[in-house]
Amino acid sequence: MSEILKLNFMDRPDEERWLDAETRLKILGALDNRGVTDDGLRMERLPVSPMIGRMLLASIAYGCTREMCTIAAALTARPVFVRPRGKEDESKLAHARFFANVSSDAATLFNVMRAWDNQQDKPRRECFAWARDNFLSSRALTEIEQNRQQMMAILEKEGVEIVSLGNAEQVLKAIAAGLIVNLAIAHSDDRSFRSNDHDNIYIHPGSSTWGSRMPMFVYTTIVETSRAFARNISLLRPEWLSELLPKAALQEKWNISYGEVSVRLYYRNLEISRRIVTDLAEMPAYIRSELEARQNRTLPEQSAFGSIWAIRRKRR
């Protein structure tokens, strides 16, 4: 990236944006300190963005390549849901039939395509009529079909088997693996969220996850109108973070206050967790040294850690 920044651009892009792009590609596994990785080369051969490419590669490990080819195709196509003026309520009711999974818009798109696939034994004219009756774009559905076939062909050429284990959690993890660079964490009101780029974002009213409460989620894009709305939302469980994020992307900040040790975990500039630590073995050496130094300056019983240090001294 440093070499790219040295180039003499006619319209030089903002350096901060270049560095942000580099960070994102490293988190997605497309780059490391030596350059483009093997996964990065595989992503380059896929006709999708790096985020969608990461989702497809993650689906290989999670055993859900069939689902992910459909989801990736849907996320790269034109909008599926149609809301004609004057028929907003009718279309909303029709779309709700596909909102069985309120934890992911991507899973909702998969439900739509599964229903569309079930119509394919009928004449094409009847398939289009079904789409019209359900306020779905037949052009978008056809586009998704074509995109899906293309992605499956590319993966099969790479030696990847198109499989489905039918595990919904694995599908959500594969989605999150690609969208992890767009992470949003709930504020205390559980209605607004913060991300690396926005202090306050909201779930888009057209999302199948609208009205549901979740501690954090990933998304594809932000649409700014009267508010900043996240689109194509998918649930992310906090316990998945250590599995989905490289260790280099996480930063710990330790603190001692009134004899209590706490650690905060940050992903970029987002605080993703905070907890109290009482196990001395878990603390870094400099925190243990600072605790012992403080104990030497105060009476053991004056600190919450006095009894811990007393036991350690007796064992010595």
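Helices in this report are DSSP runs of at least four residues, numbered from the N terminus, and the angle between two of them runs from 0 to 180 degrees between N-to-C directions. The model described here is predicted.

## Overall composition

The secondary structure of the protein chain comprises 13 helices and 12 strands. The chain has 316 residues, and 46% of them count as buried. Its exposed surface is about 18,000 Å², of which carbon and sulfur atoms supply 48%. When contacts between residues at least 6 apart in sequence are taken, 57% of them join residues at least 24 apart.

## Helices α8 and α9

Helix α8 covers residues 124–133 and helix α9 covers residues 138–157; the two pack at an angle of about 120°, and their axes are 9 Å apart. On the α8 side the contact is made by Arg 124, Phe 128, Trp 130 and Ala 131, which meet Ser 138, Leu 141, Thr 142 and Glu 145 of α9. By class, the residues of this contact are 4 nonpolar, 2 polar and 2 charged.

The loop between α8 and α9 contains Phe 135. This residue is not a glycine, yet its phi is positive, near 55°. Is Phe 135 buried or exposed? Its relative accessibility is 9%, which is under the 20% cut-off, so Phe 135 counts as buried.

## Helix α5 and its surroundings

Helix α5 spans residues 65–75, and 10 of its 11 residues are buried, so the helix is largely enclosed by the rest of the structure. The buried residues are Thr 65, Glu 67, Met 68, Cys 69, Thr 70, Ile 71, Ala 72, Ala 73, Ala 74 and Leu 75. Which helices help to cover the buried residues of α5? The cover includes α4 (50–62), α7 (105–117), α9 and α10 (168–179). Helix α9 thus appears in two places: it packs with α8, and it is part of the cover over α5.

Cys 69 is one of the buried residues of α5, with a relative accessible area of 0%. A search of the whole structure finds 0 disulfides. For Cys 69, the nearest cysteine sulfur is that of Cys 64, 9.7 Å away, and Cys 69 is in no disulfide. The cut-off for a disulfide is a pair of cysteine sulfur atoms within 2.5 Å. Cys 127 also counts as buried, at 1% relative accessibility.

The residues for which an accessibility is given in this report are collected below.

| Residue | Relative accessibility | State |
|---|---|---|
| Cys 69 | 0% | buried |
| Cys 127 | 1% | buried |
| Phe 135 | 9% | buried |
| Tyr 258 | 84% | exposed |

## The sheet β10-β11-β12

Three strands form an open sheet in the order β10-β11-β12, with antiparallel pairing. Its edge strands are β10 (250–257) and β12 (270–277), each of which pairs on one side only. Neighbouring strands in this sheet are turned against each other by 20° on average, direction ignored. Helix α12 (residues 285–297) packs on the sheet and touches β10 and β11; the direction of α12 makes about 5° with that of β10.

Strand β11 takes in residues 260–267 and pairs with β10 over 8 bridges, in the antiparallel sense. Two positions show how the strands are aligned: Lys 253 stands opposite Arg 264 in β11, and Asn 255 stands opposite Ser 262 in β11.

The hairpin of β10 and β11 has 2 residues between the strands. Tyr 258 is found in this loop and has a positive phi of about 55°, although it is not a glycine. Is Tyr 258 buried or exposed? Tyr 258 has a relative accessible area of 84%, which is over the 50% cut-off, so Tyr 258 is exposed. The two loop residues with positive phi can be set side by side: Phe 135 is buried, whereas Tyr 258 is exposed.

## The sheet β4-β3-β6-β9

A further open sheet has 4 strands in the order β4-β3-β6-β9, and its pairing is antiparallel. The strands at its edges are β4 (193–194) and β9 (234–235), each pairing on one side only. Strand β6 (residues 216–218) runs antiparallel to β9 and is joined to β9 by 2 bridges. The bridge partner of Phe 217 in β9 is Leu 235.

Note on methods. Residues numbered from 1 in each chain as written. Predicted model: local features only at pLDDT ≥ 70, side-chain atom pairs only at ≥ 80, totals over all residues. Heavy atoms only, no water. Pairing = 2+ DSSP bridges. Contact = heavy atoms within 4.5 Å. Nonpolar A, V, L, I, M, F, W, Y, C, P; charged D, E, K, R; others polar. Buried < 20%, exposed > 50% of the residue type's maximum accessible area, 1.4 Å probe, protein only. Areas by Shrake-Rupley, 256 points an atom, 1.4 Å probe, with all protein chains shown as cover.
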